[in-house]
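Reader: I would like to learn how to read a few features of a protein model, beginning with a helix. Could you take me through them one at a time?

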Amino acid sequence: MTTALQPFRVAEPRTVKEAIAARLDHTGSRFVAGGTDLLVNMRHGISSPDFLVDLSGVDQLAKIEDNGDGVTVGAGVTIATLARNAVIAARYHALAQAAEAIAGPGHRIMGTVGGNLCLDTRCIYYNQSEWWRSANAYCLKNRGDTCHVAPQGKRCHAAFAGDLAPALLALGAEIDIAGAQGIRRIPLSQLYVEDGKAHLTLADGELITAVHLPSSPPPSAYAKIRTRAAIDFPLAGVAVVLATFGASVVSLRLALTGTNSRPFLIAGTEAFAGRPVDEELLQEIDRLVQKQVQPMRTTLTSANYRRVAAASLARRLTAKLFAAGAA
Ligand SMILES: Cc1cc2nc3c(=O)[nH]c(=O)nc-3n(C[C@H](O)[C@H](O)[C@H](O)COP(=O)(O)OP(=O)(O)OC[C@H]3O[C@@H](n4cnc5c(N)ncnc54)[C@H](O)[C@@H]3O)c2cc1C
Ligand code: SF4
């Protein structure tokens with residue numbers, strides 16, 4: 001059961017500057033891009049802003065540019081455009097695979113890169129109707145005072161489940177953030193913190209304007225497990241970027257989504273440099289991932305299944321990338 005949308009007004013800025021000004025002029029307002037996450041949450045009564053700043057008319061955000069030094073993807077580029085872009089498919093395979101695996105075709109036409117990176121975190125006790133949540137006394141993330149997943153704790157463990165972030169993290173992407181003070185550029189990893197209630201480090205009125213990709217990253221791949229193959233958020237999603245010389249690892253980067261309140265890079269993979277890609281290494285990757293992921297009971301699928309599946313995806317994807325390079 002969904003709630004009727006509360007009345008709200010919409011600003012339609014044409015520039016980033018106008019968008020920031022409109023946000024800061026209206027306390028409690030929100031940016032909206034494709035609306036495929038925010039409007040669903042508004043229908044569930046999770047969020048009820050009375051003023052939205054629509055980013056879809058800001059042309060500056062909707063470009064993909066190959067500037068010789070790398071590729072810049074505007075935050076307003078749609079997932080469908082990203083998925084079918086020839087440069088992205090050729091040089092950033094993990095990113096193209098992640099884009100193709102997001103939701104369904106209709107969502108991909110509307111949904112954007114910026115909205116995907118700023119997706120709200122998800123939990124079975126949170127992504128429910130107003131009626132359902134009120135019958136369960138809400139929860140710590142929204143209007144309640146207890147976390148039903150970890151009732152003794154004081155933090156929300158809702159999981160981040162965007163598909164693009166792990167691919168971008170593994171590829172070493174940076175983002176531009178615009179705000180009242182100007183533009184700052186940070187590694188994507190600094191956008192996130194491990195807190196399901198407040199997982200983004202954006203200040204009030206700040207928006208992501210672009211994502212910068214390095215010019216020639218090593219081969220990459222992305223894979224996810226989900227309940228419904230046709231259209232679903234990842235229960236766990238893994239991106240791998242692997243450079244090899246002969247049979248040995250030169251560098252390996254692994255990033256995950258779906259298991260924690262933030263997408264994150266697996267730490268310690270630099271120790272694999274110089275090692276052959278063999279069964280022993282793959283087992284070590286499996287153990288490293290299992291140690292660092294922190295799935296909680298935020299989905300109908302068990303936390304332990306998501307832990308084991310994440311590790312298995314990382315192991316298999318690394319082996320597959322290596323085999324493809326050796327072929
Ligand atoms: C049935 C269904 C299945 C889905 N499956 C998946 C899936 O498999 N994988 C997946 O990743 N997603 C999935 N989604 C979520 C969503 O469709 C995509 O993540 C989409 O890319 C979100 O982008 P958007 O532009 O629609 O975001 P919006 O809903 O417009 O915005 C989402 C959030 O980001 C903020 N925001 C938007 N743009 C910016 C910006 N430039 N800077 C700062 N903040 C910004 C908004 O204020 C809002 O808080 C699914 C959604 C549905 C309804
Ligand atoms: S993890 Fe706990 S606080 Fe967070 S959304 Fe789920 S039930 Fe609510």
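**Reading a helix, a domain contact and three loops**

Author: What covers the buried residues of α1 includes β1 (9-11), β2 (30-32), β3 (51-54), β6 (174-179) and β8 (207-214). Please keep in mind throughout that this is a predicted model.

Reader: Which residues of helix α1 are buried, and why do they lie on the same side of α1?

Author: The general idea is that an α-helix has 3.6 residues a turn, so residues three or four places apart point the same way. In this structure α1 spans residues 16-25, and its buried residues are Val-16, Ala-19, Ile-20, Ala-22 and Arg-23. These buried residues share one side of α1 because the arc they cover around the axis is only 160°. On the face turned away from that buried side, α1 carries the exposed residues Lys-17 and Asp-25.

Reader: Which domains does the assignment give for the protein chain, and how is the contact between domain 1 and domain 2 to be read?

Author: The domain assignment gives domain 1 as residues 9-53, and domain 2 as two segments, 62-118 and 159-326. The contact draws eight residues from domain 1 and 12 residues from domain 2, while the C-alpha centres of the two domains lie 26 Å apart.

Reader: What area is buried between domain 1 and domain 2?

Author: The size of an interface is often given as the accessible area lost when the parts come together. Here the area buried between domain 1 and domain 2 is about 860 Å², and carbon and sulfur atoms give 72% of this area. On the side of domain 1, the residues that lose the most area to domain 2 are Ile-20, Leu-24 and Thr-36, which together make up 43% of what that side buries.

Reader: How many salt bridges are counted between domain 1 and domain 2?

Author: The count is one salt bridge between domain 1 and domain 2, and the count of residue pairs in polar contact between them is likewise given as one. Within the side of domain 1 that touches domain 2, α1 supplies the largest share, namely four residues. As for individual side chains, Arg-23 forms a salt bridge with Asp-204, with the closest N and O atoms 2.9 Å apart.

Reader: Turning to loops, which sign does phi take at Ala-137, and is Ala-137 buried or exposed?

Author: Ala-137 has a positive phi of about 60° although it is not a glycine, and its place is in the loop between α8 (130-135) and α9 (164-171). With a relative accessible area of 55%, Ala-137 is exposed. Tyr-138, found in the loop between α8 and α9, has a positive phi of about 50° and is not a glycine either, but Tyr-138 is buried, with a relative accessible area of 14%.

Reader: Where does Val-77 lie, and which residues is Val-77 in contact with beyond its neighbours within four places in sequence?

Author: Val-77 lies in the loop between β5 (70-74) and α3 (79-84), and at 2% relative accessible area it is buried. Leaving aside those sequence neighbours, its contacts are Leu-61, Ala-62, Lys-63, Ile-64, Leu-82, Gly-111, Thr-112 and Val-113.

Reader: What joins the side chains of Asp-232 and Arg-228?

Author: A polar contact of 3.0 Å joins these two side chains, of Asp-232 and Arg-228. Asp-232 is placed in the loop between β9 (220-225) and β10 (236-245), and counts as buried at 15% relative accessibility. Apart from neighbours within four places in sequence, Asp-232 is in contact with Ala-101, Lys-224, Arg-226 and Thr-227.

Technical notes
Residues numbered from 1 in each chain as written. Chains lettered and ligands numbered in written order. Predicted model: local features only at pLDDT ≥ 70, side-chain atom pairs only at ≥ 80, totals over all residues. Heavy atoms only, no water. Buried < 20%, exposed > 50% of the residue type's maximum accessible area, 1.4 Å probe, protein only. Helix = DSSP H or I, 4+ residues; strand = E, 2+ residues; numbered from the N terminus. Arc of directions from axis to C-beta. Contact = heavy atoms within 4.5 Å. Domains from an automatic or database assignment. Buried area = accessible area lost by both parts, 1.4 Å probe. Salt bridge = Lys/Arg side-chain N within 4 Å of Asp/Glu carboxyl O. Polar contact = N/O pair within 3.5 Å; in protein donor to acceptor, adjacent residues only side chain to side chain.
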